[in-house]
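User: Could you take a close look at how the helices of this model pack, and at what they pack against? I'd like one connected account, with cut-offs for the terms you use.

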Amino acid sequence: MIKSDVDILIIGAGPAGLAAAVYAARAGRSVVVLEKALMGGQVATIDRVDNYPGYQDGVDGMSLASNMVQQAKRFGAKIEFGTVTGLENDGNTVRVHRDSGMAITARAVLIATGSSYRHLNIPGEKEYVHYCATCDGTLYQSKNLVTVGGANTAVQEALYLSGIASHITMLVRSYIKADDILKDKLKEKVEAGKIEVLEGWRPTEIMGNDGAVTGVKVANTNGETKYIPTDGIFVFAGMAPNTDFLKNTAIKLDVDGRIIADNYLTTMPNVYVAGDVRSGAVRQIVTAAGEGAAAMTKINHFLDRTEA
């Protein structure tokens with residue numbers, strides 16, 4: 001038997017990692033899940049999830065994430081906080097380096113680190129921007145807000161904030177790209193005067209005073225500029241893959257920084273990938289969970305072969 005600290009190490013406690021943990025633990029494997037930030041991943045920050053099977057009336061993201069965590073623990077998966085700084089194949093095992101300085105070895109590793117909020121990289125963003133409506137929206141009861149983004153998440157979060165703030169101004173770089181059902185809900189809010197949509201406009205600088213936002217400078221595709229007074233700004237400009245820790249490893253990434261894989265196996269032996277961080281992934285909660293289960297099935301078969 002190959003000696004290692006654990007059979008399987010999963011990096012990331014989002015839907016992909018937690019679904020994989022359930023399958024690994026139920027197969028009798030010793031499994032550790034390492035999460036650097038929030039148990040449940042970005043799901044835990046979403047106000048409402050309406051497209052996950054089994055919840056006919058929808059479910060808040062925090063509850064869904066908590067259920068996933070508890071299910072993985074029930075089958076014996078160990079879930080710990082920790083930041084991975086790199087990994088290497090030691091022949092028959094994978095050595096995973098952590099910021100604590102203590103490495104851990106595993107017979108197989110699953111990378112399920114997902115994505116993080118994409119930043120605008122404009123003046124004032126670091127000081128004043130929020131990225132989570134459910135986390136920080138209640139700070140702006142009856143206030144005016146600006147949101148940035150026009151895809152599904154951006155529209156969904158703007159709709160949520162419209163129930164808290166007095167008025168929302170949506171800045172959309174091109175045009176609204178949300179699903180029709182969300183567009184219909186947005187149209188209702190626009191007609192009610194709760195939301196104004198500015199397509200073709202983007203923020204260029206966020207202004208503030210004494211720690212509070214006062215307004216945002218914006219520009220459109222024609223080069224016109226203007227200033228919008230506001231009490232707060234939320235950015236929903238998409239997600240960037242969490243793969244910085246892989247830059248100096250043998251694992252290949254695509255042009256967007258996502259992990260290239262063949263049937264969930266990366267270019268490093270014994271290392272697999274699942275969920276939003278995988279190149280070509282659909283990037284939905286349900287598909288992330290499905291990929292976690294599928295990848296772990298591959299890993300279990302691999303471990304069975306090496307034990308024979």
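Analyst: Happy to. An axis here is a line fitted to C-alpha atoms, for helices over the stretch in contact, and angles run from 0 to 180 degrees between N-to-C directions. The model is predicted, so to speak of local features takes pLDDT of at least 70 and side-chain atom pairs count only at pLDDT 80 or more, while totals for chains, interfaces and linings use all residues. Numbering starts from 1 along each chain as its sequence is written, and side-chain values use heavy atoms, without hydrogens or water.

Let's begin with α1 and α7, whose axes come within 7 Å and cross at roughly 40°. The two helices are therefore oblique to each other (under 35 degrees is roughly parallel, over 145 roughly antiparallel, 65 to 115 roughly perpendicular, the rest oblique). Helices (H or I, at least four residues) and strands (E, at least two) are DSSP runs, numbered from the N terminus. On the α1 side, the contact (heavy atoms within 4.5 Å) is made by Pro15, Ala16, Ala19, Ala20, Tyr23 and Ala24. From α7 come Ile285, Ala288, Ala289, Gly292, Ala293, Met296, Thr297 and Asn300. Ile285 is also touched by Leu64, whose other contacts are Val43, Val49, Tyr52, Tyr55 and Val59, not counting residues up to four places away in sequence.

A second helix pair is α5 and α6, with axes that come within 10 Å and cross at roughly 35°. Here Asn152, Val155, Leu159 and Ser162 of α5 meet Leu182, Lys185, Leu186 and Lys189 of α6.

What do these two helices pack against? An open sheet of five strands, in the order β8-β15-β9-β10-β11 and with parallel pairing (two strands pair if DSSP finds at least two bridges between them). Helix α5, residues 152-162, touches β9, β10, β11 and β15, and its direction makes about 165° with that of β10. Helix α6, residues 180-191, lies across β10 and β11, running at about 110° to β11.

Now walk through the sheet itself. At its edges stand β8 (129-130) and β11 (195-199), each with a single partner strand, so one side of each is left without a neighbour in the sheet. Two bridges join β8 to β15 in parallel, and Val129 stands opposite Ile233 of β15. Ile233 turns up again on the β9 side, as the bridge partner of Val146; β9 and β15 pair over four bridges, also in the parallel sense. In β15, Gly232 and Phe234 point one way, Ile233 and Val235 the other, and all of them are buried.

Next comes the pairing of β9 (residues 144-148) with β10 (residues 167-172), which is parallel over five bridges. Leu145 stands opposite Ile168 of β10 in this pairing.

Is Thr169, a residue of β10, buried or exposed? Its relative accessibility is 8%, so Thr169 counts as buried (buried is under 20% relative accessible area, exposed over 50%, partly exposed in between, with a 1.4 Å probe and protein chains only). Which residues does Thr169 touch, leaving aside those up to four places away in sequence? They are Leu145, Val146, Thr147, Glu196, Leu198 and Ile228. Among them, Val146 is the residue bridged to Ile233 in β15, and Leu145 is the one opposite Ile168 in β10.
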